[in-house]
Amino acid sequence: MAEASSSLAARGGNVRPLHPSPRPRPAGVNGWLLRPLAKPLLFALCLLPFVWLLYGAFTETLGANPAEALIRATGDWTLRFLCLTLAVTPLRHWTGWHALARLRRMLGLFTYFYVLLHLLCFAWLDMGFDVAEIAKDIGKRPFILVGFSAFVLLTPLALTSFNRAVKVLGAARWQALHRLVYAVAGLAILHFFWMRSAKHNYEEVAVYASILAVLLGARVWRWARQRR
Amino acid sequence: LAAQRSAVPGALTMEKLSAYKDIASYNNFYEFGTDKSDPVRNAHTLQTRPWTVAIEGAVKKPQTLAIEDILKLAPLEERIYRLRCVEGWSMVIPWVGFSLSELIKRVEPTGNARYVEFHTLADPKQMPYVRSSVLDWPYVEGLRIDEAMHPLALLAVGLYGEVLPNQNGAPVRLVVPWKYGFKSAKSIVKIRFVEKEPKTAWVKAAVQEYGFYSNVNPKVDHPRWSQATERRIGEDGLFQKKRPTQMFNGYEAQVGQLYAGMDLVKYY
């Protein structure tokens, strides 16, 4: 969400010219990504897990403990979308598919959508919207506190995701703000690790941690190379 | 399995039974995977015949019992127990079995037998996750001798009138209804009578989260979640508030005196 591509961000993360240009659409993946259909298609794809879970809840096919299944699944999807969002910039650099940038905001907002669902499921299905009980839980348990902090830090990013926010804040400040996503990634992994520590079951945690380490490491590496 | 209704006080709760499907498909049995849907998928590799249980340690009559002998050790009873998992969910399960005390009396524990240790089978050929490092295998659980002698402590061989499904701990398991579910060791191959408090699998793995006693107690929270409420599987709907957890899982009248004067916060 916060890359050296600030010139793109300043233009609203949209590399498609605002006015029809006589230039032909580039070939290959970039050309495909620039098609008008790319965004609606991605939107539908990102909504699929939600639709699937909703269907499962209504048809009672989420197993013996549907509340637990929903809370876990929405958490899993939050992590997956966080990885996808953070993968956009390194992928652009490695592959040259620079048109990916126009999809980044939607992936970021879907990360927020799934974390909102995750929080909603926890607050509703686990805590019955008992606000005092929820506040106590957040204060008392580090694993909940860490997860909640990640949600809080992600909120200003979602709120400033529209084009005008970049202009109002200025590209540099907007970019600095959106670097919070790196902290969110760290907190999210810690939250997942702590949750799994009960069962000493770290395999999946390790998978997500490795993916995030590669995605964040790629940024550090690039930054270090550029400074030389 | 032919079984008579139990006459032990507290052994037949009148609550609505959990569905067989839920009881036999939502399991914690880490030898077959840590996800609760893993055991039903993986436990078919468990060989429950032939099966023996070695009884050793501080007893006058150490012996190895074949499962066929265990089934004939005492008349089988139906007992309907609440099961409260430490994770915050519960079920109501119609078990078939008899009091563990029947077996204990037969082997005549000596004065040194202050605790009883239960060992689960740990065979990587039959149990795929025994190769993982989730726990220190074999799974060991334990009770104080007076807890083990309590008539509600059940040696179970069946549920819903049928032989135990593998994923529920076939062919013989422990059921201690006033303690969190993990205390009830499954697929038992060894029972040892010892002088010192056993180092159980969960005490070794995370003593600050799972104590030796692990009595169901709504007032003593798990470090990462509250134990004040629970979700009754299959009964508490998706949007229904969880129900309050009862002291000793509702068996306080029967087992409370075992813990008279004990600080249950310290001995969690």
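So, α5(A) and α7(A) sit oblique to each other, because their angle falls in the class left over once you take out roughly parallel (under 35 degrees), roughly antiparallel (over 145) and roughly perpendicular (65 to 115). Their axes come within 10 Å and cross at roughly 140 degrees. Those axes are lines fitted to C-alpha atoms, for helices over the stretch in contact, and the angles run from 0 to 180 degrees between N-to-C directions. α7(A) covers residues 142-159, and α5(A) covers 101-126. Helices here are DSSP runs of H or I with at least four residues, strands are runs of E with at least two, and both are numbered from the N terminus.

Before I go on: this is a predicted model, where local features need pLDDT of at least 70, side-chain atom pairs count only at pLDDT 80 or more, and totals for chains, interfaces and linings use all residues. Residues are numbered from 1 along each chain as its sequence is written, chains are lettered from A and ligands numbered from 1 in the order in which they are written, and side-chain values use heavy atoms, leaving out hydrogens and water.

Back to our pair. The crossing of α5(A) and α7(A) is left-handed, as the near helix is turned anticlockwise from the far one by less than a right angle (clockwise would be right-handed). Among the residues making the contact are Tyr112(A), Leu116(A) and Phe122(A) from α5(A), with Phe148(A) and Phe151(A) from α7(A); contact means heavy atoms within 4.5 Å. By class, that contact has 11 nonpolar residues, 2 polar and no charged. Nonpolar is Ala, Val, Leu, Ile, Met, Phe, Trp, Tyr, Cys and Pro; charged is Asp, Glu, Lys and Arg; the others, Gly among them, are polar.

Next pair, also in chain A. Helix α10 (residues 180-196) packs on helix α11 (residues 203-227) at about 165 degrees, with axes 10 Å apart, and therefore these two are roughly antiparallel. α10(A) passes α11(A) in a left-handed crossing too. Phe192(A), Phe193(A) and Arg196(A) are among the α10(A) residues involved, and they meet a set in α11(A) that includes Glu204(A), Tyr208(A) and Arg219(A). This contact divides into 10 nonpolar, no polar and 3 charged residues.

Now, the empty spaces. On a 1 Å grid over the protein atoms alone, a cavity is a set of points where a 1.4 Å probe fits but cannot get out; a pocket is an open set with protein on both sides within 12 Å along at least five of seven lines; lining residues have an atom within 4 Å of a point. Points are joined across faces, edges and corners, and a volume is the space filled by probe spheres set on them.

The second largest pocket has a volume of about 750 Å³. It has 33 lining residues, and the closest to its centre are Ala57(A), Leu62(A), Pro66(A), Leu70(A) and Leu238(B). α3(A) gives the largest share of that lining, 6 residues. As for cavities, the whole structure has 2 of 30 Å³ or more, and the second largest holds about 40 Å³. Strand β4 (residues 77-84) of chain B gives the most to that cavity's lining, with 3 residues.

Last, some backbone oddities in chain B. Most residues other than glycine have a negative phi, and most peptide bonds are trans. But Trp137(B) to Pro138(B) is cis, with omega near -5 degrees, and Ala170(B) to Pro171(B) is cis, with omega near -5 degrees. Tyr160(B), not a glycine, has a positive phi of about 55 degrees.
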